[in-house]
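User: I am new to this one and would like to understand the words people use for it. Could you walk me through them step by step?

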Amino acid sequence: MKKFDELDESLQNEIINICKDDIYDLNPRFLYVNIYFSTGSTRMLSQLFEVPEALIIKIKEEGEN
């Protein structure tokens, strides 16, 4: 798994922007790690974390490369 700082800058910014809109002030690094290590369908994870399915796919793909 890549560290958050090793991710593509555009993906980092996408995660950061989602966290800025979160009413609980979610930490972008925690969101990334939680999504990366979670199992289940893309749709289910998208609903669980309240993020777009495309973000789940990007995190899963880029995090392992």
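**Reading the labels**

Analyst: Happy to! Glutamate 14 counts as partly exposed, at 25% relative accessibility. Please keep in mind that this is a predicted model.

User: Why is glutamate 14 called partly exposed?

Analyst: Buried would need a value under 20% and exposed a value over 50%. Glutamate 14 has 25%, so partly exposed is the label for this residue.

User: What makes glutamate 14 and lysine 58 a salt bridge?

Analyst: The closest N and O atoms of the two are 2.9 Å apart. The rule asks for a side-chain nitrogen of Lys or Arg within 4 Å of a carboxyl oxygen of Asp or Glu, so this pair meets it. Glutamate 14 sits in helix H1 and lysine 58 in helix H4, so the bridge ties together parts 44 residues apart in sequence. Lysine 58 is partly exposed too, at 37% relative accessibility.

User: How many salt bridges does the structure hold?

Analyst: There are 3 salt bridges. One of them joins the side chains of arginine 29 and aspartate 5, with 2.7 Å from N to O. That pair links distant parts of the chain, with arginine 29 in helix H2 and aspartate 5 in the segment before H1, 24 residues apart. Another brings together the side chains of arginine 43 and glutamate 53, at 3.7 Å from N to O. Here arginine 43 belongs to helix H3 and glutamate 53 to helix H4, so parts 10 residues apart in sequence are tied together.

User: How do you know that the contact between arginine 43 and glutamate 53 still counts as a salt bridge?

Analyst: The cut-off is 4 Å, and the N to O distance is 3.7 Å, so the pair qualifies.

User: Why is aspartate 5 called exposed, and what is the label for its partner arginine 29?

Analyst: Aspartate 5 has a relative accessibility of 55%, and exposed means over 50%, so the word fits. Arginine 29 has a relative accessible area of 40%, which makes it partly exposed. In the bridge of arginine 43 and glutamate 53, arginine 43 is exposed at 56%, while glutamate 53 is partly exposed at 34%.

User: What makes leucine 31 buried?

Analyst: Its relative accessible area is 3%, and buried means under 20%, so leucine 31 is buried. Leucine 31 is found in helix H2. Leaving aside neighbours within four places in sequence, leucine 31 is in contact with Ile15, Ile18, Cys19, Leu26 and Phe49. The C-alpha atoms of leucine 31 and cysteine 19 are separated by 8.1 Å, although the two are 12 residues apart along the chain.

User: Why are H1 and H2 called roughly perpendicular?

Analyst: The axes of H1 (residues 9-20) and H2 (residues 28-37) come within 9 Å and cross at roughly 110°. Angles of 65 to 115 degrees count as roughly perpendicular, so H1 and H2 get that description. Their crossing is right-handed. Where they meet, H1 offers Ile15, Ile16, Ile18 and Cys19, and H2 offers Pro28, Leu31 and Tyr32. By class, the residues of this contact are 7 nonpolar, no polar and no charged.

User: What makes H1 oblique to H4?

Analyst: H1 and H4 pack at about 135°, with their axes 11 Å apart. Roughly perpendicular stops at 115 degrees and roughly antiparallel needs over 145, so H1 is oblique to H4. The crossing of H1 with H4 is left-handed. Leu11, Glu14, Ile15 and Ile18 in H1 meet Leu55, Lys58, Ile59 and Glu62 in H4. That contact has 5 nonpolar, no polar and 3 charged residues.

User: What is noteworthy about the phi of aspartate 25?

Analyst: Most residues other than glycine have a negative phi. Aspartate 25 is not a glycine, yet its phi is positive, about 55°. Aspartate 25 lies in the loop between H1 and H2. Glutamate 50 also has a positive phi of about 55° without being a glycine, and its place is the loop between helix H3 (42-49) and helix H4 (53-64).

User: How do you know that aspartate 25 and glutamate 50 are exposed?

Analyst: Exposed means over 50% relative accessible area. Aspartate 25 has 65%, so it is exposed. Glutamate 50 has 71%, so exposed is the right word there as well.

Terms used: Residues are numbered from 1 along each chain as its sequence is written. This is a predicted model: local features need pLDDT of at least 70, side-chain atom pairs count only at pLDDT 80 or more; totals for chains, interfaces and linings use all residues. Side-chain values use heavy atoms; hydrogens and water are left out. Axes are lines fitted to C-alpha atoms, for helices over the stretch in contact, and angles run from 0 to 180 degrees between N-to-C directions. Helices (H or I, at least four residues) and strands (E, at least two) are DSSP runs, numbered from the N terminus. Angles under 35 degrees count as roughly parallel, over 145 as roughly antiparallel, 65 to 115 as roughly perpendicular and the rest as oblique. A crossing is left-handed if the near helix is turned anticlockwise from the far one by less than a right angle, and right-handed if clockwise. Contact means heavy atoms within 4.5 Å. Ala, Val, Leu, Ile, Met, Phe, Trp, Tyr, Cys and Pro count as nonpolar, Asp, Glu, Lys and Arg as charged, and the others, Gly among them, as polar. Buried means under 20% relative accessible area, exposed over 50%, partly exposed in between (1.4 Å probe, protein chains only).
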